[in-house]
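Colleague: I haven't seen this one before. Can you put it up and walk me through it?

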Amino acid sequence: MADQKASTSIEAVESGLAAQGYIASRQIATAVYLSQQIEKPILVEGPAGVGKTELAKAIAAWRGMKMIRLQCYEGLDEAKALYEWKYAKQLLYTQILKDKLGEVLGGAQTLHAALDQLHDFGDVFFSKEFVEPRPLLQALEQPGGCVLLIDEIDKSDAEFESLLLEILSDFQVTIPELGTVSAITPPTVILTSNSERDLGDALKRRCLHLHIGFPEQRLEERIVESRVPGISQTLRRQMVGFIHEIRSLDLKKLPSVSETIDWARVLVLLQAAELDTEIVKDTLNVLLKYEADIEAAAPQVTTFIARAARSNVFG
Amino acid sequence: MRENLHRFFRAARGVGVHVSPAESIDAMRAVAQVGIADRAVLRDALLLTLAKSQDEKLALGDCFDLFFSQPEPRQERPESVDQDTSQEAEQAPSSGAASEADGGSPQQEQLGPLAQMLLSQDRNTIAAAIASASGAASLSDIRYSTQRGIFSSRILEAMGLQRLRDDLDELTATNPALAERLRAALDALREAVRDTVSQGLALYAREEAENLRNEILRNAPLARIERRQVAEMRALIRQIARRLRERYSKPRKRQRRGHLDVRRTLRRNAAWGGVPFLTAWKRKHRDRPKIVALCDVSGSVAQVSDFFLLLIHSLHEVVDDVRSFAFSSHLIEVSEILESKSPEEAMSEIMSKVGFGSSDYGSSLVDFEKEFMSTLTPQTTVIVLGDARSNNLDPRADILRRISERSKRLVWLNPEGRLAWGFGDSEMPRYATFCSVVRQCATAQQLERAVSDIVAPYQ
């Protein structure tokens, strides 16, 4: 019974994401379902442009939650990711309150009494009002929950990973002056990585590890169908077949799903009915991002088109 | 099911997937959520929670398929029992012993549980019995292929083989046809158990066997390695490279607490009128190692140089800049060949260019000084790999002195043992005076240590 419930829920995830224009494979849907059930972040790895960031957006749109995005880069630190004290506001308030301070302390006879009175106000300047919440803290403070996207975690420094550990495992952060802030509703956390460097084991251990590769031909066709509705079925098949042929080449950067979608849009704009050598050669720069890659692929174009067309007939 | 999952975790550790207790708890929770009915979903759930990289996913996927394919060979087995017995059953009436078959049933009740189970031909019961018996015999402790026999007999023992033997003895006297059937079923059972044990060996013992083989390989002299082991050695070297990368690629910047960077502090606090709320501290930037490697590729040293070059060139993340030179009688730069080609191709190209000469350290050093001396900077570590046997030609140790003066460190790795240095045509003692470090480097283990020592001072 539990099993049946699970598989229907996984299908529900799949169709929910599909409604947002994100065609998920079974594995992705399982990951999303599990992360919700056992409250674990998902670490998504894979080549650029296969829809890692899109997944987070689709989940947010599907569940109708706010998406908070933290883009990682080298040198990102807790002041930019977690929280910061509003120094200027603190400074301003101390200036304004200077006069009030005289009044408050006026009644005190001795230095000790004044100090005691001061201690009562001591923490005023390190209270919630003076904290500037950055994405991670914002995510914890959303009453209705949210999708927290930590993008390209591999770009950040190794120290930043350790900063994330507390928030990933317990959904809380500790601010020394204020204490521990726990999430009102645990956010759905998605981390993405291009595997530019190996992430630490401690971080990986806290996450579900999902690898998104290039999709199968059928799946990619469905993705194009949902993203570029104006494209005809024959052209769609042909172009996806062509891209799969291109991916078999040894290139510097293989075209990924985002390039497929861009290309489909371009072909629709150019009102191409089907692929031919001319149009492919003219638009190859949409697919391939390096001059060397274009040069390597150009001589093969005719063969690939023929092959894509043939598989189209039999497929 | 929990028992099964625990065994799966052990098997997963066997294929090299690191499964910590916390991860196994997560996997348990995930499985509790998705259930076990749909195998594809179960597989996805386990891959998501346990595997932490693409390689691990592949390994774990294979392991999953192997692990959960277990019931199938068992199902085939009783089928053959089926065939055997059905043949028997066909033969039985033809021999006119139908009455015997009828009379067999009260006799069956006197038999032991195992015999009854075998005769009833209930596949699922037999499979379950084998599984629980392998649990009792702690099959997951199997480590070496030589243990196969003992585990098979332990499992059969746990299933009640003793009682079955007694039954058989009895039956041969009273009911030969039934005894024959039982014997055939027993043979089939033996086979099924043997398969189970083989599978257990494949699942649980892989790690141990691999460790053992690697341990032997690590300490084998590189120069005298057999041809069939070269591929394994390459894999081992790649493993070493990965380990070194993980260890040394991380911290390059280190904060120097206490040294205020005044300029950056002022700039950062400009918004608050120069009141220093945020402080910036000076950082010490650490250089990544720059390495110039000179490798002797003559005769017996060639193989060691091969592995050394492979290792050094797979350390991109750790080492900023490697330039490699190969020599026997003269010297050429080989960095490009090594970068652009596969290890096998690169090595054969290098050998065809400079290999197979008698080594002449003097003229090779002259070559280096003439063309490449400018590559040396005060940050460079120079590594010379060779046996320093120069066929009694002029060793030109003066050039080595100049190299050592221009560079940060000069490390000499010699595949020969210390005892051989200085005997025959070995010029090692003369060269050694100009080297910062001289080490013996004949096995993979020594190679790892040598490279690790070269990279470590840059951290």
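Modeller: Let's take chain A, then the contact between the chains, then a helix pair in chain B. Keep in mind that this is a predicted model.

Colleague: Fine. What does the secondary structure of chain A come to?

Modeller: Chain A has 15 helices and nine strands.

Colleague: And how many of its residues count as buried?

Modeller: Chain A has 315 residues, and 32% of them count as buried. Look at its contacts too. Among those with a separation of 6 or more, 79% join residues 24 or more positions apart.

Colleague: Now the contact between the chains. How many residues does each chain put in?

Modeller: Chain B puts in 26 residues and chain A puts in 24.

Colleague: Which elements of chain B give two or more residues there?

Modeller: They are α2 (21-34), α3 and α4 of chain B. The most comes from α2(B), with seven residues. By class, the side of chain B that touches chain A has 12 nonpolar, nine charged and five polar residues.

Colleague: Switching topic. At what angle do α3 and α4 of chain B cross?

Modeller: Roughly 140 degrees. That is helix α3 (residues 39-50) against helix α4 (residues 54-68), with axes that come within 10 Å. The two helices are therefore oblique to each other.

Colleague: Is that crossing left-handed or right-handed?

Modeller: The crossing of α3(B) and α4(B) is right-handed.

Colleague: Which residues meet there?

Modeller: From α3(B), B:R39, B:R43, B:L46, B:L47 and B:L50. From α4(B), B:K57, B:L60, B:G61, B:F64 and B:F68. By class, this contact has six nonpolar, three charged and one polar residue.

Notes:
Residues numbered from 1 in each chain as written. Chains lettered and ligands numbered in written order. Predicted model: local features only at pLDDT ≥ 70, side-chain atom pairs only at ≥ 80, totals over all residues. Axes fitted to C-alpha atoms, helices over the stretch in contact; angles between N-to-C directions. Helix = DSSP H or I, 4+ residues; strand = E, 2+ residues; numbered from the N terminus. Parallel < 35°, antiparallel > 145°, perpendicular 65-115°, else oblique. Left-handed = near helix turned anticlockwise from the far one by under 90°. Contact = placed C-beta atoms within 7 Å. Nonpolar A, V, L, I, M, F, W, Y, C, P; charged D, E, K, R; others polar. Buried ≥ 20, exposed ≤ 12 C-beta atoms within 10 Å, placed from the backbone.
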